[in-house]
Each structure stands twice: as C-alpha cells, then as structure tokens.
Amino acid sequence: MEAIPYLAAASSVMGLMLAAYFYSSVRAADPGDERMVFLMTEIQKGARAFLKKEYTWVSGFVAAMAVLIALLIAPTAALTYVLGAVLSATAGYVGMTVATMANARTTQAAKEGPGKALPIAFRGGAVMGFSVAGLALGGLMLVYILFVLVLGVEDAFEVVTAYGLGASSIALFSRVGGGIYTKAADVGADLVGKVEAGIPEDDPRNPATIADNVGDNVGDVAGMGADLFESYAGSIIAPISLVAFALGLGAEDASVATNISLLSFPIAIAFVGMLASILGSFLVKGGDSTDTKALSRALHMGTNSAMAITAVATVGIAYWLFGSDSAFDNPLGLAIAVVGGLVVGWALGKTAEYYTSDHFGPVKKIAGQTETGPATTILGGISAGMISVAASVVLLAVGVALAYWGGEMAFDSIGNLDGGIYGIAVAAIGMLATLGVVVSVDAYGPIADNAGGIAEMAELDPSVREVTDALDSLGNTTAAVAKGFAVGSAALTALALFKSFEFAVVQAGGTLSLNIGEVDVFVGLFLGAMLPFLFAALTIDAVGRAAQEMIEEVRRQFREIPGLREGEPGVNPDSARCVEISTEASLKEMLIPGALAVVVPLVIGFVNINALGGFLAGALVSGFCLAIFMANAGGAWDNAKKYIEAGALGGKGSDNHKAAVVGDTVGDPFKDTSGPAMNILIKVMTIVSLVFASAFVG
C-alpha cells in the first residue's frame, strides 16, 4: 500500500512518454504543400503570441496569490500553489503546440480519406490528453511524496490542497481568456463572412479566418487542457483533503494502516485509470467512411475500453486496500461508488450527445425551426439546453445517491469521516480516472476544425473538406461529452471540498452553520446563486464587445481593400490586425470575471464564515445547472447549423442557413466561453475557501 503514490508517479511518467511518442508520430506526417504550411505557421505564430501574453498577465496574479498564501497559510503551500499553476500552464502550452502542428497534417491526410486523417487528429489530441493527465498526476504525486511522506511538513495536507488551487487559477484565466479570444474571432468571421458577404466558412478572403483558427487552439485546446488539468487534480485532492481534515491528520498519521488505505484509494484509481487510458489510446483506428456514426464508434472505442478496464480494476483495488481491515464492512461499496461515478460521467456525456448531435431529435428540431427565422431558432436552442439540465440533474442525483449508498456500505464512519461522503468524493475521481483518453478525444475536435479551415483557405478539392467536415461535426459532439464528464466531476469534487472546508473550519477552532433559517446563511445562499449568472453575463458581454470590434474591422477591410471581397488574385486580407484585436480584447476582458472567483469568497469569508458556507452552496447548484444549459444549448445550435450546411433544408446560403448561423453565433460564447468556465468557477471558490479556512477563523 505504501508503494501506491510511487506507482502512480511512475504511471504519470508512462503517460508523458506516450505523449512524446504520439508527438513524434504526428510530426513525421506530411504537412502538405507550401500554402498549407504557410497557413499552419500563421496559426502557430498567433497562438504562441497569445499564450505568451496571457501567461505574462496571469503570472502577476499568481505571484500576488503566492505571497498571500505564504503570509496567511505557509511558505510551502505557496510553493506548491506555484507548482500547480506552472504545470497547468505547461500542459496547455504543449497541447496548443502539437494541435497547431497536427492541423495541416490532418488536412493532408484527409486527401486519402478519414481512415488516414482521424488517427492523426486523434494522436495530436492524445499529446494533449496524456500531457494533461501525466503532468497533473505527476506533479500531485511529487507534492504528496515530498511533503507528506518524506519531509512530513506541518499542515502537510493544506500544502497538498494548495497545488489544486494553483491549477485552478491558471484554468480559470485560460478558459475565460481563450474563450473570449476564440469566440470574438468566430462571431466576427461568421456574421460578416457568411451572413453579410455570403462567402463560405474559413474563406481565405475573410480577414478574421486566421484569428478564428488561432482561437480554436488557445480556447478549445490550451484553455480546455488547463481546465481538465485542474478538474483531474481536484478530483484526486478532494477525497485526500476530506480524509485529512475530517480525521485531523498530520503527515505523521499518513502511515497508520486505515489512513493509508483511505488516502491511497483515490491515488490507486488514478493509477489504474492512467494505465487503462494508455491501452485504450491504441484502439482508436479510422475507417474509410465519412459517416459520423462510424467515426464516432472508432473514436469512442478507446474511451469505452479504458472505462471497462478501470471498472474491473477498481473492484480488485477496493478488496486489496480494505478487505483485511476490520474498520471496513464491505469493500465492494467503495468500488460501487467509483464505478457509479464513472458510469454517471459517461451518462452525462451521452445526454450531452443526445442534445447536441444532429443524429437525434433536438438538433433536427432546431434546424427545422430555422424555417421561421432566427428568433424561433434561438428559442429552440434555449429550450433544448434547459430540458437537458433536467436530465443531467437527475443523473447527478442518482450518482450522488449511489455513491453515498456505496460509501455507507463500506463503512458507517471512522472518526468524523462519514462513509457516504467519502463515497461521493471518490466517485469524482471515477468520472475522471480515464482523463488521458477522454481529453485525447476532446482535443481532437479543434484539430479537425482547423484542418477544415486550412482545406478551405488553401482552396483544396471539395472532397477534402467533406472529410474534415465529417471529423469536425463529430468533434463538436465529443467536446460536449467531455464537458459532461468535467461538469459532473466538478459538482462532486466541489461537494467533497465543501465538506473538507467545514471540517477545516472546526479544526481551526471555528464553527460553521448551514441553517438557511439564519439570515447570514440565507443571504450567502442568494449571493452564491447570483454569482454564476453575473460571471456568465460578464464573459458574454466581453465576447460581444470584442466581436463588435472584430466585425467593424472585417467590414472595414472588405470596404477599403479593392478586390478583396471579389477574391481577385494577389489581394490578401490583413489577418494580423484581426489576431491583434482578439488578443488585446480577450486579455483585457478576462481580468474582472477571473478575479471575481477568488476575491468574492475571500471577502465574504473574512466578513462572515456562515455567509460563505451559504454562498458556496448556492454557487454550486446554480453554477452546475447553468454550465449544463449553456454547453448543450451552444452545441445544439452549432450542429443544427452544420446539419443544414451538409445539405438539409436548403443547405449553405439559404435563409435557413442564415438563421442557423445567427443561432450558432449566440451559442458560441455559451458553449466555448461562459459554460465551460462554470465548472472551474464553482471549484475555484470552494478550494479558495478551503485553503484560507484557518485564516478566516483566525
């Protein structure tokens, strides 16, 4: 049992080695002709320039937080906070680098069909997936082994928790900043290009096209990578911190047999999940069909296989760790909790797929509503997103109840640690155990999207675009599936961290009431329910302002550059100006929403700790529902547009298509800016409260 953290660290190295192997495999592929290489290089330059500026801005925030943590908590906690932030940023940068390299290579492979193109796009995404999982798990195990097992520092588990806060800080700004960038460019390109100028998506005449493709990488790859890095690290930290704060453990208590089992179980699940993901990644193979169902089966083969292996291994681990300890009644209960989390995460993803895939009724219904214009199209997407919340909440409730029942089956209580709450905490790591392959499938989407953009801008044969469009349509659905996993785990992780916060307050000598009959708790509850809406409004407004500037610039270039709109030979748009607009706008606009998540809980915590408890509860519930609504409504609008572009209901250029483009434009900030940032928001606020709990009481 003592070897589990070391085994997990070794598996993280294996994941990073696999990422390096896939990187070399992608790099060896043919990037295409001179024009394709030029476009790929322009996208790379724009993405690198943005991330360099973004990380420079965010480093100031990280430095300020590190000083605050060092003064109020411990210098070692500040050190692990910075480590979490640096590794999260590194994972995003690595993913962005390979994604911008894989796009042209996927386009070139698409000339030979989807059987060649899908594996390249997937391997490009797999570099991201295994970099995220490997760095997150490796960094966390380094912190755990060094500060808990080797040095045995004072407040060792606060130091471990600070690692998660560092990851959360980068994730929040990366998601918000990258999301504003990509959607400002996308909205500007679509509204002026498709609706006003009547030119195709990714047309080389459109000045915003390069910025749009850059945005896919900084938002949907680098931002998503930092997001899931934080989710994965947080899902492992949550049960560890719960055990530590509930039982009042110090580093010296981590060697007691029962404590070892409770602390090691989530780490062991991460270990087998990493191995299962590595095996699953080799099972993804492309076929010759452009049918999205066939492509989906090929892509999900790896995910489903990894989940099955993890589920079987979890049962064995539960009996190994808890079977011979008299403190536990039935180890199978904890296996049920983890596998239940895994299944509910999958079910949340499938629910998202149902509401966002053009193979099912909701998207086809929205496409049909374009017959009567943009207004009914938007209403259809809003209602589909809202209905999807009901299904997702029911699934989450089932998952929580199952995990609680499984935990109670395993043990009633050990000290202050309730078996049911521990079951809920480990269910979160069940949802994200196979993160390596889940992110691989998610990051594949932006690569396929970029590949289509390069095919259009390089003016390749339409058959190439047909292949990349099929891959891209599937990518929208796989992204929705990954968001289902992420937001589901966020709810369970936040609940476990919230319980840890409660124990940390008591441990520090304070008390925490969650009785909504008390006015401070009641006020906090409503403030918490309000904040996700304020956060969403600020980020959507940010996209709107940035997009407005982009629209004016695209219109100006069409108006002032002779022959651009007509596509005369030798006339090129000023793409660099559009990249500059998106970069400046997104960096400026991300600061206030990002700071809210950290500053508001700190202010409330120092004023009234009971109000903070109510605040966290309100934010968790409304944030989860809003995240599901926005992600699924946005995905549904996007695929309704693609369904029409594939030839249904009049096809490209029709009035139906124009209405669908308007719906998709509304949905863009929903699904790629505000929605994905919600799950980070609720966890950041909870983990900030946990890390600073002793300071609030003091």
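Trainee: Which backbone oxygen does the side chain of Thr100 reach at 3.0 Å?

Mentor: Keep in mind that this is a predicted model. Thr100 sits in helix 3, which covers residues 75–110. Its side chain also reaches the backbone oxygen of Thr97, at 2.9 Å. The one you want, at 3.0 Å, is the backbone oxygen of Met96.

Trainee: Is Thr100 buried or exposed?

Mentor: Look at what surrounds it, skipping residues up to four places away in sequence: Thr100 touches Met40, Ile43, Gln44, Ala47 and Asn217. The cut-off for buried is under 20% relative accessible area. Thr100 has 0% relative accessibility, so it counts as buried.

Trainee: Okay, next one. What is the distance in space between Ser261 and Leu321, C-alpha to C-alpha?

Mentor: Start with Ser261, which has its place in helix 7 (residues 257–281) and is buried, with a relative accessible area of 1%. Its side chain reaches the backbone oxygen of Leu321 at 3.0 Å. The two residues are 60 apart in sequence, but C-alpha to C-alpha the distance in space is 5.5 Å.

Trainee: On to charges. How many residues apart in sequence are the parts that Asp668 and Lys183 tie together?

Mentor: The structure holds 19 salt bridges, and one of them joins the side chains of Asp668 and Lys183, at 3.5 Å from N to O. Asp668 lies in helix 18 (residues 655–691) and Lys183 in helix 5 (residues 156–197), so the parts tied together are apart in sequence by 485 residues.

Trainee: What is the relative accessibility of Lys183?

Mentor: Its partner Asp668 is buried, with a relative accessible area of 1%. Lys183 counts as buried too, because its relative accessibility is 2%.

Trainee: Which residues are joined into one network with Asp638 and Lys641?

Mentor: Asp638 and Lys641 meet through their side chains in a salt bridge, 3.7 Å from N to O. Both lie in helix 17 (residues 609–645), three residues apart, which is about one turn of the helix, and both are buried. Through salt bridges that share partners, these two are joined with Lys183, Lys642, Asp664, Asp668, Lys671 and Asp672.

Trainee: And Arg465 and Glu456: are they buried or exposed?

Mentor: Their side chains meet in a salt bridge as well, with 3.3 Å from N to O. To count as exposed, a residue would need over 50% relative accessible area. Arg465 and Glu456 are both buried.

Trainee: Which residues touch the most other members of the largest nonpolar core?

Mentor: In soluble globular proteins, nonpolar side chains tend to be buried together. Here the largest nonpolar core has 245 residues. Take Phe692: leaving aside neighbours within four places in sequence, its contacts are Met65, Leu68, Ile69, Leu72, Ile73, Leu165 and Leu602. The residues that touch the most other members are Tyr232, Phe265, Tyr422, Phe501 and Phe692.

Trainee: Last one! Which helix gives the largest share of the nonpolar patch?

Mentor: The patch is on the surface, about 550 Å², and is made by Tyr6, Leu142, Leu146, Leu149, Val150 and Leu151. Leu149 counts as partly exposed because its relative accessibility is 34%, and this leucine lies in helix 4. The largest share is four residues, and they come from helix 4 (residues 114–150).

Methods
Residues numbered from 1 in each chain as written. Predicted model: local features only at pLDDT ≥ 70, side-chain atom pairs only at ≥ 80, totals over all residues. Heavy atoms only, no water. Patch = residues over 30% accessible without salt bridge, like charges linked within 9 Å, V, L, I, M, F, W, Y side chains within 5 Å. Areas by Shrake-Rupley, 256 points an atom, 1.4 Å probe, with all protein chains shown as cover. Salt bridge = Lys/Arg side-chain N within 4 Å of Asp/Glu carboxyl O. Helix = DSSP H or I, 4+ residues; strand = E, 2+ residues; numbered from the N terminus. Buried < 20%, exposed > 50% of the residue type's maximum accessible area, 1.4 Å probe, protein only. Core = buried A, V, L, I, M, F, W, Y, C linked by side-chain atoms within 4.5 Å. Contact = heavy atoms within 4.5 Å. Polar contact = N/O pair within 3.5 Å; in protein donor to acceptor, adjacent residues only side chain to side chain.
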